[in-house]
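Subject: A structure for you to look at

Hi,

Here is the structure I said I would pass on. Have a look at it first, then read my notes below.

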Amino acid sequence: MRAPEPRRRAFLLGAVGAVLGTAGAAASAAQQGGALGGVRDPSVLGQARQPTDPRSNEGRVKAVELRLACSCGCTLDVFTCRTTDFTCTTSPAMHREVLALFEQGKSEQEILDAFVAKHGEKVLMAPKPEGFNLAGYVVPGIAITTVGGLLAWVIARRRTLAPAAGTPALAPDGADAVEVPSSRHSPEELERLRRALTEVED
Amino acid sequence: MTLLGQFALWTALLLGVTVGALGLSGAWRGRPDLTAVVTRAPAAILLACAVAALALWRGIIGHDFNIEYVAAYTSRNLPTGFLVSALWAGQKGSLLFWAVVLSLFGALAQWLTSRRYADLLPYVAGVTSIAVAFFVCVMLFAANPFDRLAFTPADGRGLNPQLQNIGMIVHPPMLYLGYISITVPFAFAIAALLSGRLDTGWIHAIRKWTLVSWLFLSIGITLGMWWAYVELGWGGYWAWDPVENASLLPWLTMTAFLHSVMIQEKRGMLKRWNLMLIVGTFLLSIFGTFITRSGVIASVHSFTQSNVGWFFLGFLIVSAVLSYTLLYTRWPKLEADTRLESVLSREAAFLFNNLLLVGIAFSVLWGTLFPILSEAVKGTKITVGPPFFNRVNVPLGLLLLGLTGVGPLIAWRHASSANLKRQFVAPTAVGLLVLAACLATGMRDLYAVVALTFGGFTAGTIVQEFWRGVRARMRMHDEAAPLALARLMGRNRRRYGGYVVHVGILIYCVAFAGMAFHRTEEATLKPGEAIEVRSPFGHTYTLTHVGLSQYDELNRTVTAATMAVAVDGRPAGMLTSEKRQHFVQPGDVSTRRPTFEPSTEVGIRSSLREDLYLVFAGAVDDTETAVYRVNVNPLVWWVWAGGVVLVLGGLITMWPGGGALVTAPRRVPVAARVEPAPQLVGAEGAP
């Protein structure tokens with residue numbers, strides 16, 4: 001009759017152990033993949049990231065990186081590429097290079113020159129305004145100024161050559177002309193108002 | 001379905017070539033029997049193109065992965081909205097979409113154009129049909145959307161995650177509608193040149209078409225900026241990318257045309273210039289297509305490189321040579337009716353406005369092509385990016401903004417010094433006040449200060465124009481101010497709608513200037529850690545990393561990184577940025593496979609003052625330690641608001657009726673010459 005006692009105790013112990021074990025496993029699992037620890041499926045996150053270097057937020061670092069083209073072929077600058085295209089490995093490498101050069105005490109211009117020496121002029125987001133590149137910067141401005149100056153000169157010359165008298169004037173084309181105006185104004189006042197309205201609606 | 005699609009494309013090609021030949025020759029030889037047929041034929045071309053598009057859509061919706069295009073751009077688990085938009089997601093499908101819309105516009109041009117211009121319509125049918133035939137030809141010989149694979153995959157590759165955004169459904173169609181509808185004004189211009197009917201008739205016939213095209217292009221460009229901002233995650237909306245530039249070029253020349261056409265209508269001037277602008281706008285739209293589809297210039301937006309670029313280059317060259325030769329042969333008939341009399345006239349202001357718009361277009365084109373030019377001349381590759389374009393174009397843009405305020409202040413023909421003084425006082429005062437406010441608040445960015453000052457000046461001009469009009473109406477007709485305003489706008493929708501468009505541009509410019517003050521911070525945070533970002537408006541954002549969560553949703557696994565936001569210590573909600581790994585799933589969950597690299601969804605907390613823009617870069621060592629980029633972008637909301645105002649202004653301008661300028665220029669003797677009425681201001685004591 002006493003035989004069931006150990007079995008019952010064993011069963012209770014087993015049950016408690018199972019509950020505790022499950023809870024422990026759950027806690028462990030939560031620590032691994034839940035609120036406290038890692039992500040459940042890291043494979044869907046793409047590249048693992050490195051902790052941000054505090055120097056990355058310095059204005060001079062951003063200023064240099066905004067002027068350097070990422071050489072992966074993405075057409076973006078280094079700063080934009082490394083903070084947007086998180087699959088690129090080139091721009092983070094270039095970023096580390098920029099930080100290293102600052103670490104060596106180089107100025108912004110010296111860093112840009114170092115990159116040009118290494119990668120060629122293509123590494124700059126805008127070509128240096130010298131030599132043939134100067135044409136890129138000044139041709140639109142020169143073209144607009146020249147044409148504008150020429151236009152102004154032609155118009156001014158025409159005015160001095162041709163007398164203004166006899167040239168046709170514009171007719172008012174405001175649809176208001178057919179509207180009946182208020183009668184509380186004198187005819188002269190109405191005429192003046194009509195002209196003003198024509199002017200603003202012309 | 002592919003057989004039906006192929007058959008429809010061949011039918012469209014045959015019809016396009018036939019209608020093109022018959023339309024042009026029939027109208028040229030005065031054969032009414034031919035022209036009567038030709039003006040109805042665009043409907044048949046539309047039907048053929050529509051059948052082809054429906055056949056491809058049927059293949060897409062029915063997951064017929066034996067069609068190479070369907071397998072390349074869709075998958076079984078792609079949501080229906082994106083399945084529909086897959087028609088224009090790739091090179092081949094978008095060419096078909098282009099052909100359908102072009103044939104639709106070709107048919108609409110025949111149905112909606114007034115019979116007053118019936119003599120132009122056969123030519124128009126000829127030109128639009130040739131354009132459709134060209135696009136169908138490109139498809140049939142270089143990029144056939146109905147190409148089949150040698151086998152049938154179980155599932156497709158899926159749509160690029162960055163295209164799985166509502167922007168994909170609305171932005172490309174809007175941009176295409178803008179690009180494509182330019183063909184109709186171009187066709188009318190060619191019709192005018194071929195027929196020799198070079199009065200202002202063709203201008204009136206295309207006014208609404210040009211506005212429609214300009215409006216769609218404006219909407220398309222603005223939606224493109226919005227899409228780039230919310231989807232690409234770099235924190236801005238305009239990067240001077242070649243493809244972005246390609247959309248801006250025709251917009252600029254079309255804007256120039258919409259201004260200069262007023263001078264032709266009112267003064268009979270600039271006839272040659274207007275034809276050059278319309279032809280140039282069409283050519284720029286083809287040039288943009290060439291850039292986007294040829295891969296000749298590196299761009300993040302380009303389609304896959306293919307040989308279709310050569311087709312477009314050929315079409316561009318042939319169109320340019322034929323159009324400008326035709327224009328040259330008609331040159332003597334395009335003499336101006338009157339001459340520009342003074343630099344201080346509204347005509348001159350419009351002319352300089354045109355010069356700047358076309359100059360900016362040239363500058364953008366020059367910058368876009370400069371790498372090719374440089375490589376040809378120097379043999380070395382260079383990069384021409386945003387710093388170059390900002391340096392060259394921002395000063396020109398600011399000048400244009402200033403001129404936008406100057407134009408309406410100057411009288412037609414010749415402004416007197418009294419007129420200038422009276423007109424300029426209030427806007428200049430507003431501009432100077434804004435300048436003082438900028439300097440007093442410590443603003444030192446030169447471009448931003450100039451933009452805001454010129455913006456103030458232009459706003460002063462627009463308000464003054466409305467104020468004077470309303471005031472004059474109130475006095476003349478005893479109307480209340482709201483009624484006077486409504487009637488003023490209703491009676492001259494074109495002018496006041498134009499001012500509303502200027503308000504939209506003004507809002508754009510101020511918002512662009514605001515971006516000069518954006519802030520960016522990067523941080524790596526464990527759950528519970530926080531970063532502080534100072535806003536340019538003076539307050540402090542505190543963002544506390546809450547943690548990461550992962551879940552499956554539709555066709556992707558989402559990893560969401562959440563930050564608790566506080567503004568100056570006060571809780572202001574949560575902000576989440578996501579990493580999304582899309583997958584295709586031919587069988588059950590166990591067989592799913594990832595497609596493309598993980599993409600990023602930004603979190604945006606938008607307000608009238610600024611946007612808080614959160615980008616989750618990834619996790620450190622597979623833990624919940626997250627790497628973030630945080631931007632504070634001032635005045636971005638106003639960019640979208642500017643777009644809405646601009647579209648509203650465009651709609652007012654093109655709303656039927658009420659436009660007073662659509663008639664031919666009327667003139668009265670010089671005795672009745674209209675001068676500004678200083679008496680009104682002096683007598684009534686108004687400002």
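The notes below go through chain A and then through parts of chain B.

First, some housekeeping. This is a predicted model, in which local features need pLDDT of at least 70 and side-chain atom pairs count only at pLDDT 80 or more, while totals for chains, interfaces and linings use all residues. Residues are numbered from 1 along each chain as its sequence is written, and chains are lettered from A and ligands numbered from 1 in the order in which they are written.

**Chain A**

Chain A has seven helices and one strand. Helices (H or I, at least four residues) and strands (E, at least two) are DSSP runs, numbered from the N terminus. Read from that end, the order in chain A is α-α-α-α-α-α-β-α. The chain has 202 residues, and 28% of them count as buried. Here "buried" means that 20 or more other C-beta atoms lie within 10 Å of the residue's own, "exposed" means 12 or fewer, and "partly exposed" is in between, with C-beta atoms placed from the backbone.

What about contacts? Two residues are in contact if their C-beta atoms, placed from the backbone, lie within 7 Å. Taking the contacts in chain A with a separation of 6 or more, 41% come from residues 24 or more positions apart. The domain assignment (domain bounds come from an automatic or database assignment) splits out domain 1 (54-123) and domain 2 (130-159). Their C-alpha centres are 36 Å apart.

**The core**

Now for the largest nonpolar core, which has 187 residues. Such a core is a set of buried Ala, Val, Leu, Ile, Met, Phe, Trp, Tyr and Cys residues joined through C-beta atoms within 7 Å. B:Ala12, B:Ala99, B:Phe135 and B:Phe188 have the most contacts inside it. Helix H10 of chain B (residues 201-232) gives the most to this core, with 20 residues. Try clicking on B:Phe135: leaving aside neighbours within four places in sequence, it touches B:Leu95, B:Trp98, B:Ala99 and B:Leu102.

**Around B:Gly178 and B:Trp238**

B:Gly178 sits in helix H8 (residues 166-181) of chain B. Is B:Gly178 buried or exposed? It is buried, because 24 other C-beta atoms lie within 10 Å. Beyond four places in sequence, B:Gly178 is in contact with B:Ser213, B:Phe216, B:Leu217 and B:Gly220. Its C-alpha is 9.5 Å from that of B:Ile221, 43 residues away along the chain.

B:Ile221 turns up again with B:Trp238: these two are 17 residues apart in sequence and 9.8 Å apart in space, C-alpha to C-alpha. B:Trp238 lies in the loop between H10 and helix H11 (242-267) of chain B. It counts as partly exposed because it has 18 C-beta neighbours inside 10 Å.

**A bent helix**

Helix H16 of chain B (residues 417-440) is a good one to rotate. The expected span of a helix is 1.5 Å times one less than its number of residues. H16(B) has 24 residues and should therefore span 34 Å, which agrees with the 33 Å between its end C-alpha atoms. H16(B) bends by about 40 degrees at B:Val425, and B:Pro427 follows within four residues. (The bend at a residue is the angle between axes fitted to the seven residues ending there and the seven starting there.) Its buried residues include B:Gln423, B:Val430 and B:Cys438, and the buried residues pack against helix H15 (386-406) and helix H17 (446-477) of chain B.

**Two hairpins**

Strands S3 (residues 540-553) and S4 (residues 556-567) of chain B pair antiparallel over 12 bridges. To count as a pair, two strands need at least two bridges found by DSSP. One place to look is B:Ser549, opposite B:Ala560 in S4(B). S4(B) is also joined, antiparallel, to strand S5 (residues 570-584) of chain B by 11 bridges. Both S3(B) with S4(B) and S4(B) with S5(B) form hairpins with two residues between the strands.

**Positive phi**

Most residues other than glycine have a negative phi. In the hairpin turns, B:Leu554 has a positive phi of about 45 degrees, and B:Asp568 one near 50 degrees. B:His63 has a positive phi of about 55 degrees, and B:Leu635 one of about 60 degrees. B:His63 is partly exposed, with 17 other C-beta atoms within 10 Å, whereas B:Leu635 is buried, with 24.

Enjoy exploring!
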